[in-house]
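Work through the exercises below with the model open beside you. Try each task before reading its solution.

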Amino acid sequence: MDDLERELRDLATWLETPEIPDVTARVRARLATPAHRRRRWRYWLAAALAALLVALLPPGRAAIADAVAGLLRFSGIVIDTTPAPMSPTGVPSPLPAQRPASLDEAQRHVRFPIRVPAELGDPEQVLVADPDGTGAYRVVTLLYRGGALRLDAFDGGLDPVFHKQISGPGVEWVQVHGDFAIWIGGPHELAYVDRAGTVRVETARLAAATLIWEDAGVSYRLEGDLTRDGAIGIAASLD
């Protein structure tokens with residue numbers, strides 16, 4: 001029996017399990033709830049469970065909390081909080097079939113509205129990447145400050161798209177317009193996950209602080225030399 005299994009068995013001895021209620025009416029009501037509201041409640045529930053685990057587990061149960069919090073999936077992005085085996089080296093390749101485009105052209109070739117943060121204004125450069133068989137692109141990137149600040153937008157239904165791996169603490173649950181978001185406050189490894197679900201190691205690079213959120217069915221990741229509050233302000237200014 002390994003340490004994690006032993007911890008889980010010990011945990012079962014002090015958890016009080018209430019009697020199972022009749023949930024038929026709740027299930028029917030939930031099925032009648034619009035999909036976007038169900039997703040929002042799922043995000044909040046995940047955050048609440050993670051917070052409760054960290055707050056309530058005694059120090060000896062730290063292995064369980066680490067195992068539960070080690071892999072997070074949100075808005076098409078996988079965040080692996082286990083220590084990275086190594087940092088990306090060399091010059092990363094661009095995303096699949098990435099190319100520059102005007103804002104108007106990019107809008108014609110994606111299936112979601114491209115929104116520009118009012119706090120940043122028009123981007124210095126626009127990139128589109130990873131087209132499907134119909135020519136519709138999966139990712140749109142808006143670049144600012146000579147490319148040091150970037151906003152990636154992609155269809156929120158695509159899961160996963162980006163893979164992040166960080167070492168130690170640094171992931172924080174925050175809000176954008178009252179909705180669930182994730183803030184990663186320091187450098188971390190970033191790679192792209194293609195349509196087949198394979199992590200494209202050749203795209204791996206060291207990313208800056210990042211804010212991840214979803215709005216109106218579109219997922220966003222804002223990356224650059226930003227404070228948490230500054231990033232949230234930019235995210236909240238999307239037109």
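**Exercise 1. Classify Asp152 and its salt-bridge partner by burial, then place the pair in the fold.**

Step 1. Start with Asp152. Its relative accessibility is 0%, so Asp152 counts as buried; buried means under 20% relative accessible area, exposed over 50% and partly exposed in between, with a 1.4 Å probe and protein chains only.

Step 2. Note the basis. This is a predicted model, where local features need pLDDT of at least 70 and side-chain atom pairs count only at pLDDT 80 or more, while totals for chains, interfaces and linings use all residues. Residues are numbered from 1 along each chain as its sequence is written, and side-chain values use heavy atoms, leaving out hydrogens and water.

Step 3. Find the partner. Asp152 forms a salt bridge with Arg221, with the closest N and O atoms 2.3 Å apart. A salt bridge requires a side-chain nitrogen of Lys or Arg within 4 Å of a carboxyl oxygen of Asp or Glu.

Step 4. Place both residues. Asp152 lies in strand β6 (residues 149-155) and Arg221 in strand β13 (residues 218-223), so the pair ties together parts that are 69 residues apart in sequence. Strands (E, at least two residues) and helices (H or I, at least four) are DSSP runs, numbered from the N terminus.

Step 5. Check Arg221. Arg221 is also at 0% relative accessibility and counts as buried.

**Exercise 2. Extend the salt bridge into a network.**

Step 1. Move on from Arg221. Glu223 forms a salt bridge with Arg221, at 2.6 Å between the closest N and O atoms.

Step 2. Test the burial of Glu223. Its relative accessible area is 6%, so Glu223 is buried.

Step 3. Look for another partner. Arg205 forms a salt bridge with Glu223, the closest N and O atoms being 2.8 Å apart. Arg205 lies in strand β11 and Glu223 in strand β13, so this pair links parts 18 residues apart in sequence.

Step 4. Join the pieces. Shared partners connect Arg150, Asp152, Arg205, Arg221 and Glu223 into one network. The whole structure holds 13 salt bridges.

**Exercise 3. Trace the open sheet and identify its edges.**

Step 1. Write the order. Five strands run β1-β2-β7-β10-β11, with mixed pairing. Two strands pair if DSSP finds at least two bridges between them.

Step 2. Find the edges. β1 (71-74) and β11 (199-207) each have a single partner strand, so one side of each lacks a neighbour in the sheet.

Step 3. Inspect one edge pair. Four bridges join β1 to β2 (residues 77-80), and the two run antiparallel. Leu71 has Asp80 in β2 as its bridge partner.

**Exercise 4. Sort two aromatic pairs by geometry.**

Step 1. Set the rule. Rings of Phe, Tyr and Trp (its six-membered ring) pair if their centres lie within 6.5 Å; planes under 30 degrees apart are stacked, over 60 edge-to-face, and the rest tilted. Five such pairs occur in the structure.

Step 2. Take Phe154 and Phe162. Their centres are 5.7 Å apart with 55° between the planes, a tilted pair. Both Phe154 and Phe162 are buried.

Step 3. Take Trp173 and Phe180. At 4.8 Å centre to centre and 20° between the planes, they are stacked. Trp173 is partly exposed at 31% relative accessible area, whereas Phe180 counts as buried at 5% relative accessibility.

Step 4. Widen the view. Phe74, Trp173 and Phe180 form one aromatic cluster.
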